[in-house]
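Visitor: I should like to learn how to read a model of this kind. Where ought one to begin?

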Amino acid sequence: MSQDSTTPKMFENRTDSQYTAISTVSRQAILALALLSLFAVSPVAAQTGAVCSAEKLPSMIEGFFQLTTGLGIVGLAVVWQADSLIEMFTLNSEQKKGLKRHKRSAMKSAVILLVLGPLYTVAGSMMSLPLADCVNLTPW
């Protein structure tokens, strides 16, 4: 009988010590991350024009962004046409609603893809971000 009454107390103490250990470990991890970011990131932050001073890197970034934007638009066209084709042969109204929802989400993704580059270019130049000064992310 005495073992039954002490067992729950042991489990309570064990969980309290586990939470204390987890709390201590998380505090140490946060402190280590803060110290690491303080000392390791500051030399990197001092290199403001690393991308702009590279010879071909800005044009490579622009080309990559134009390529991925073009592929995104082509992907939208393929998804839109495939959903429209499937929608013609679908009799169930619930499936048609699902296909229309899928087409809408594909359109939202394409709009975000088209707006993101020019938005970064405009907002980055307003905030004087170093990458926005030498890289043009408008896809056209």
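Guide: One begins with confidence. This is a predicted model, and in the protein confidence is lowest in helix α1 (residues 2-45), at a mean pLDDT of 56, and highest in α3, at 90. The mean pLDDT of the protein is 76, and 64% of its residues reach 70 or more.

Visitor: Over which residues does pLDDT stay under 50?

Guide: Where pLDDT is low, the predicted coordinates should not be read in detail. Here that concerns residues 41-47, for which the model has 2 contacts beyond four places in sequence.

Visitor: How far apart are the end C-alpha atoms of helix α4, and what span should its residues give?

Guide: One compares the expected span with the modelled one. Helix α4 comprises 34 residues (residues 93-126), which at 1.5 Å a residue should span 50 Å; the end C-alpha atoms are 48 Å apart, in agreement. There is nevertheless a kink of about 30° at L116, shortly before the proline P118.

Visitor: What is found at the ends of α4?

Guide: At the N-terminal end, N92 acts as a cap, with a side-chain oxygen 3.2 Å from the backbone nitrogen of E94. After the helix comes S128, whose phi is positive, near 55°.

Visitor: Which residues of α4 are buried, and what covers them?

Guide: The buried residues are L99, K103, A106, A110, G117, P118, T121 and G124. Their cover includes α3 (57-88) and α5 (130-134).

Visitor: Is E87 of helix α3 buried or exposed?

Guide: The cut-off for burial is 20% relative accessible area; E87 has 16%, and is therefore buried. Beyond four places in sequence, E87 touches K96, L99, K100 and K103.

Key. Residues numbered from 1 in each chain as written. Predicted model: local features only at pLDDT ≥ 70, side-chain atom pairs only at ≥ 80, totals over all residues. Heavy atoms only, no water. Helix = DSSP H or I, 4+ residues; strand = E, 2+ residues; numbered from the N terminus. Expected span 1.5 Å × (residues − 1). Bend = angle between axes of the 7 residues up to and from the residue. Buried < 20%, exposed > 50% of the residue type's maximum accessible area, 1.4 Å probe, protein only. Contact = heavy atoms within 4.5 Å. Polar contact = N/O pair within 3.5 Å; in protein donor to acceptor, adjacent residues only side chain to side chain. pLDDT = per-residue confidence, 0-100.
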